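Q: Please take a close look at one part of this predicted model. I would like a connected account of that part and of what lies around it.

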Amino acid sequence: MRRLTLTLALVSTLALGSWPAAGAVSADDPAPSAGARHGTNWLVVGIDSREGLSTAEKNRLNVGGKGCNCTDVMMLVHLSQDERRASIVSLPRDSYVAYANTEPVRKGKINGAYALGRGPLTVATVEKATGLHIDHYLETGFTGFEQAINGLGGAVVCTDKPLKDENSGLDITAGVHHTDGRGTLQYVRARHINRPGDLGRVRRQQRMVSDLLAKLRADRALAGPATAFNTARKLLKSVRTDDRTGIWDVARIGWVLGRMDPSRTEFATVPIKEFDYRVPGVGSTLIWHEPRSRALWAALAADRPFTGDTQVQPRPANLVPTNPAGVKVRVDDASLAAALREAHFVVTDTSSAAPAVRHSGPPVIRYAPGRGDDAATLAMALPGARKEVVAQHDGVFDVLVGTAAVSVQKVTYDRNVAEGAPVTGDHLGCAGEGHSPALTGARR
């Protein structure tokens with residue numbers, strides 16, 4: 001009866017339009033100051049803890065390692081003042097920051113704030129690092145995440161190539177997959193696959209969120225106030241909140257997101273300057289790119305989108321998808337080999353064994369199947385070169401120089417672009433990868 005009463009109250013309140021938008025002010029309120037906040041900020045975290053898990057549960061979820069009692073996933077969700085746009089920013093767990101409320105000031109990985117002061121210190125540390133006020137907080141653990149996904153009817157993940165990670169248990173073929181809570185946990189935890197490490201994993205987490213929202217819209221689980229309230233009720237069975245966040249708040253944001261076109265959602269990862277900053281006693285950390293990250297927080301504080309903002313993500317010429325320093329090349333021309341080395345490729349000069357007769361036309365790049373991204377990087381450096389996939393080819397790229405003149409073009413690799421650049425939801429999820437956005441007939 002209490003649930004029915006709350007649902008009816010929610011429906012009538014929203015139907016009459018009397019529930020003010022988050023952050024809205026009435027005519028009797030004083031005018032906001034120049035520094036007033038706009039919109040609503042949520043902090044959503046996943047906790048890496050094995051506390052309370054049996055050995056069987058650890059094995060079933062592939063979480064047999066040692067937990068750190070820290071945040072493993074951290075997303076800042078900004079809902080605009082007019083509730084027509086959502087911005088989601090991932091804060092990588094190894095970000096090196098100053099913890100809030102510590103005297104003397106203590107620094108470490110951002111995920112360590114939870115071990116020091118649970119949710120309250122985590123929120124305060126994010127506020128300190130970003131300058132933004134956090135209005136609401138949600139957290140869950142491994143089993144809570146599994147139960148939440150199962151309660152929402154599963155999730156949808158997609159990939160254009162097979163993905164396998166023994167550590168997380170992930171093993172899926174190329175295509176679109178309907179996954180239960182366990183399978184989705186494997187997907188969002190995978191770190192030892194193509195584009196290994198945390199940033200690639202963070203991008204997959206963002207993709208999962210985008211696709212989950214698309215699925216919930218397709219299922220009409222957020223279609224109206226009553227269904228959003230019911231979905232929120234299911235979610236809160238396995239997700240914890242702070243004392244400022246209740247079912248009304250969760251239902252509200254669910255209803256808003258359920259009406260929002262994917263093009264009105266945007267995702268990004270905090271821009272990184274140093275990807276392996278070593279700190280004694282802390283280990284390998286990430287240092288934020290100060291000007292870019294500052295521009296990102298400024299955009300959210302001003303309640304404006306960050307996608308397309310060149311202060312957040314500059315777009316230099318000749319961007320390539322992979323780092324040339326990781327691309328091994330054999331070249332049958334000494335001068336071209338030297339030029340490619342200057343462009344930071346790893347080059348072996350085979351000109352002493354090259355045939356005297358060149359093929360006609362531009363250079364040919366030969367490579368093994370599945371190396372398309374690296375091939376695109378090398379081709380960008382060699383304008384006009386032809387690409388040729390060769391079965392059974394080894395892991396080194398061969399560049400065969402022809403009769404046409406060839407020069408090396410300077411290329412730019414920006415890992416922030418490759419793994420976390422701002423992107424809207426309609427270009428991030430399954431629909432953005434060329435898969436069917438209808439999400440019907442997906443494989444389990």
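A: Tyr 277 stands opposite Thr 285 in strand 14. The partner of strand 14 is strand 13, residues 272-279, and the two run antiparallel, joined by five bridges. Three residues lie between the strands of this hairpin, and Gly 281 takes a positive phi there, near 85°.

Strand 14 (283-288) also has a part in covering helix 9: it is among the elements that cover the buried residues of that helix. The others include strand 2 (70-79), strand 3 (86-90), helix 3 (113-130) and helix 12 (415-420). Helix 9 itself takes in residues 290-301, 12 in number. From its first C-alpha to its last it reaches 16 Å, close to the 16 Å expected at 1.5 Å a residue. Its buried residues are Arg 292, Ser 293, Ala 295, Leu 296, Trp 297, Ala 299 and Leu 300. As background to such a list, an α-helix has 3.6 residues a turn, so residues three or four places apart point the same way. After helix 9 comes Asp 303, with a positive phi near 60°.

The setting is a chain of 444 residues, 49% of which count as buried. Its secondary structure comes to 13 helices and 22 strands. Among contacts with a separation of 6 or more, 68% are between residues 24 or more positions apart. The chain exposes about 20,700 Å², and carbon and sulfur atoms supply 52% of that area.

Salt bridges in the chain number 24. One of them joins the side chains of Arg 240 and Glu 139, at 2.8 Å from N to O. This pair links distant parts of the chain, 101 residues apart, with Arg 240 in strand 11 (residues 240-241) and Glu 139 in strand 6 (residues 136-140). Arg 240 is partly exposed at 43% relative accessible area, whereas Glu 139, at 8%, counts as buried.

Another salt bridge is formed by Arg 358 and Asp 333, whose closest N and O atoms are 4.0 Å apart. Arg 358 lies in the loop between strand 17 (346-349) and strand 18 (364-367), and Asp 333 in the loop between strand 16 (328-331) and helix 10 (334-342), so the pair ties together parts that are 25 residues apart in sequence. Arg 358 is partly exposed, its relative accessible area being 29%.

Arg 371 and Asp 374 also meet through their side chains in a salt bridge, 2.9 Å from N to O. Asp 374 is buried, at 15% relative accessible area. Finally, Asp 72, Arg 93, Arg 191, Asp 198 and Arg 201 are joined into one network by salt bridges that share partners.

Definitions and conventions. Residues numbered from 1 in each chain as written. Predicted model: local features only at pLDDT ≥ 70, side-chain atom pairs only at ≥ 80, totals over all residues. Heavy atoms only, no water. Helix = DSSP H or I, 4+ residues; strand = E, 2+ residues; numbered from the N terminus. Expected span 1.5 Å × (residues − 1). Buried < 20%, exposed > 50% of the residue type's maximum accessible area, 1.4 Å probe, protein only. Contact = heavy atoms within 4.5 Å. Areas by Shrake-Rupley, 256 points an atom, 1.4 Å probe, with all protein chains shown as cover. Pairing = 2+ DSSP bridges.
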